[in-house]
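Reader: Please take a close look at a single part of this model, the largest pocket, and follow its lining into the strand that matters to it. I would like one connected account.

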Amino acid sequence: MPVLPAGPTPSKPRLTSPAALIDESIVTEAPLNPADFEAMVAATDRGATVGFAGIVRDHDHGQAVADLEYVGHPSAQNFLRAAVAAVAAEYPACAIVAAHRVGRLAIGDVALVVAVGAAHRVDAFAGCAAAVDRIKAEVPVWKRQTFVDGTSEWVACATSAPAAYSR
């Protein structure tokens, strides 16, 4: 078998304090790249990185979806960081970071990213699942989906959509 020349040595991920990552959790109108968040939780002491990407799908309950609009309360980022902090306290072996999009999203866009790094996969998977569930339950971001027939509905809201956003 031929010996291949050695390529460049990849740089090792830097150790990042799990507490410092909480402040990197954001609510944004900018597109999300899950790999960026997975890189944030990667470190030499973490043998597992688990990422979740919630992606806008083209259907819901048998209806074709045209697009989604997410509306965030002005304090949504504070709630997101509090949710991440609570899960990090519950799963101290995990480094966790998350981001949620707001604004109009097209089919295939990433709406939610959660990335978790831990020494072992069991902790990383459990921490990621807990973070996704808590974010969806507690962060005041409201989702309005528009169907291809022009109708729309508010769905899966952490709290009731404010009257100002009802359409």
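**The largest pocket and strand S8**

Author: In this predicted model, the largest pocket holds about 390 Å³ of space. Its lining consists of 22 residues, and those nearest the centre are Leu68, Tyr70, Ala111, Lys136 and Lys143. By class, the lining residues divide into 14 nonpolar, 4 polar and 4 charged.

Several elements each supply at least two residues of this lining: strands S2 (48-55), S3 (59-60), S4 (63-72), S7 (110-118) and S8 (141-147), together with helix H4 (121-138). The most comes from S8, which gives 4 residues.

S8 is largely enclosed by the rest of the structure, because 7 of its 7 residues are buried, that is, under 20% relative accessible area. The burial covers both faces of the strand. On one side are Val141, Lys143, Gln145 and Phe147, and on the other are Trp142, Arg144 and Thr146. Lys143, one of the buried residues of S8, is also among the residues nearest the centre of the pocket.

S8 has pairing partners in S4 and S9. With S4, S8 pairs in the antiparallel sense over 7 bridges, and Phe147 of S8 stands opposite Val65. S4 is itself one of the elements supplying at least two residues of the pocket lining. With S9 (residues 152-155), S8 also pairs in the antiparallel sense, here over 4 bridges. Gln145 has Glu153 in S9 as its bridge partner. S8 and S9 form a hairpin with 4 residues between them, and Gly150 in the turn has a positive phi of about 95 degrees.

Note on methods. Residues numbered from 1 in each chain as written. Predicted model: local features only at pLDDT ≥ 70, side-chain atom pairs only at ≥ 80, totals over all residues. Heavy atoms only, no water. 1 Å grid on protein atoms, 1.4 Å probe; cavity = no way out; pocket = protein on both sides within 12 Å on 5 of 7 lines; lining within 4 Å. Points joined across faces, edges and corners; volume = space filled by probe spheres on them. Nonpolar A, V, L, I, M, F, W, Y, C, P; charged D, E, K, R; others polar. Buried < 20%, exposed > 50% of the residue type's maximum accessible area, 1.4 Å probe, protein only. Pairing = 2+ DSSP bridges.
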